[in-house]
Amino acid sequence: MDASIEIGRIREAAEVIDPVFLNTPQYFCEPLSESLGVATVLKVESVNPIRSFKGRGAEYLLHRLGPQPAGLVCASAGNFGQGMAYAARTRGLSLTVFAAVTANPLKIARMRALGAKVIPDGHDFDEAKDGAMRHAKETGAYYVEDGLLGPIAEGAGTIALELLRMTGPLDAVLVPLGNGSLINGMGLWLKRASPATRIIAVCPAGAPSMEISWRAGKPVSTGPTDTIADGIAVRVPVPEALEIMRTAVDEVMLVSDADIGEAMRLLYRAAGIVVEPAGAAGIAAVANRRDELAGKRVAVPLTGGNLTDEQLRLWLY
């Protein structure tokens with residue numbers, strides 16, 4: 001199994017993914033649009049058992065993989081691990097997740113509640129990946145890397161398939177960018193089905209490796225990340241994902257933590273939706289580009305909503 005993404009498989013994913021992750025709310029949000037000065041369609045991916053879009057890709061991946069007698073192993077900041085745990089439990093598969101010692105404790109607890117064995121290892125996501133790869137070599141477990149395997153992106157691409165069922169064209173879609181599965185799956189579907197739509201990927205300024213790599217045309221690793229958006233805090237890009245982005249994405253931009261925090265509060269006030277920092281990155285980008293996007297119709301996936309009580313008090317109240 002490789003990184004390639006096929007349009008036909010995105011269609012298939014929309015038929016076989018557990019329906020609990022499909023057909024999430026999508027609507028023109030009038031109060032938010034008035035605040036931003038941009039006609040904004042929200043795609044709410046936090047209303048499901050794991051509160052993020054990651055269940056789509058995990059579900060389709062395990063559908064394609066079939067039985068794995070030695071089990072599965074992955075690294076995760078928390079949301080992908082929850083998606084994998086949910087899909088693995090449904091199929092009776094064992095799963096080990098490596099997570100940074102600094103990972104969100106709520107996400108850790110939920111991965112364990114879904115049946116995953118969670119091993120804290122490393123100071124960030126990319127160090128946790130190293131631990132997961134070692135585990136795979138030692139045990140024979142199938143190593144799952146988000147951003148590398150095509151079915152994960154194909155599952156995520158079903159978000160774009162659903163968005164285009166709405167009436168009216170989309171001038172742009174602004175998508176949080178971590179390892180690249182979401183932007184590549186959505187971007188390739190949109191390039192095929194709505195070529196006039198501009199595809200903009202959004203990274204946190206405190207984790208700029210994907211944006212730097214995009215501009216450089218090659219993978220560029222950076223030093224330690226420093227951002228509240230842990231779900232998209234990538235330090236070491238996946239080369240295969242970057243290569244696919246060349247045909248799936250029009251632009252990659254950065255947003256600050258301050259912009260992300262304000263976007264979280266704006267979503268709460270204007271739409272009544274609680275999202276985690278990574279989930280608000282797209283709205284932060286719309287706010288930054290409000291002059292350029294004025295008079296246009298844009299869509300933004302709100303990719304996750306896993307926040308601890310402390311984070312809610314710190315960032316929303």
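Contact here means that heavy atoms lie within 4.5 Å of each other. With that in hand, a tour of this predicted model can start at lysine 129, a residue of helix α6 (residues 125–139). Lysine 129 has a relative accessible area of 7%, and it counts as buried because that value is under 20%. Apart from its neighbours within four places in sequence, lysine 129 is in contact with Ala75, Tyr143, Glu145, Val236 and Val238.

Threonine 167 offers a contrasting case. This residue sits in the loop between α7 (150–163) and β7 (172–176). Its relative accessibility is 74%, so threonine 167 is classed as exposed, the cut-off being over 50%. Between threonine 167 and serine 52 there are 25 Å in space, C-alpha to C-alpha, and the two are 115 residues apart in sequence.

Attention turns next to the strands. Strand β2 covers residues 39–44 and is mostly covered, with 5 of its 6 residues buried. Strand β2 pairs with β1 in the antiparallel sense, through 3 bridges. Within this part of the model, tyrosine 27 is placed opposite leucine 42 of β2. Strand β2 also pairs with strand β10 (residues 297–302), here in the parallel sense and over 6 bridges. Lysine 43 is found opposite proline 301 in β10.

Aromatic rings were examined as well. A search of the whole structure gives 1 aromatic pair. The ring centres of phenylalanine 21 and tyrosine 86 are 5.1 Å apart and the ring planes stand at 80 degrees, so the arrangement is edge-to-face. This pair connects distant parts of the chain, as its two members are 65 residues apart. Phenylalanine 21 belongs to the loop between α1 (7–16) and β1 (26–28), while tyrosine 86 belongs to helix α4 (residues 79–91). Phenylalanine 21 and tyrosine 86 are both buried.

Finally, there is the matter of pockets. The largest pocket has a volume of about 420 Å³. Its lining is made up of 21 residues. Nearest the centre of this pocket lie Thr102, Thr225, Thr227, Asp230 and Ala233. Sorted by class, the residues lining the largest pocket comprise 9 nonpolar, 8 polar and 4 charged ones.

Methods:
Residues are numbered from 1 along each chain as its sequence is written. This is a predicted model: local features need pLDDT of at least 70, side-chain atom pairs count only at pLDDT 80 or more; totals for chains, interfaces and linings use all residues. Side-chain values use heavy atoms; hydrogens and water are left out. Rings of Phe, Tyr and Trp (its six-membered ring) pair if their centres lie within 6.5 Å; planes under 30 degrees apart count as stacked, over 60 as edge-to-face and the rest as tilted. Helices (H or I, at least four residues) and strands (E, at least two) are DSSP runs, numbered from the N terminus. Buried means under 20% relative accessible area, exposed over 50%, partly exposed in between (1.4 Å probe, protein chains only). On a 1 Å grid over the protein atoms alone, a cavity is a set of points where a 1.4 Å probe fits but cannot get out, and a pocket is an open set with protein on both sides within 12 Å along at least five of seven lines; lining residues have an atom within 4 Å of a point. Grid points are joined across faces, edges and corners, and a volume is the space filled by probe spheres set on the points. Ala, Val, Leu, Ile, Met, Phe, Trp, Tyr, Cys and Pro count as nonpolar, Asp, Glu, Lys and Arg as charged, and the others, Gly among them, as polar. Two strands pair if DSSP finds at least two bridges between them.
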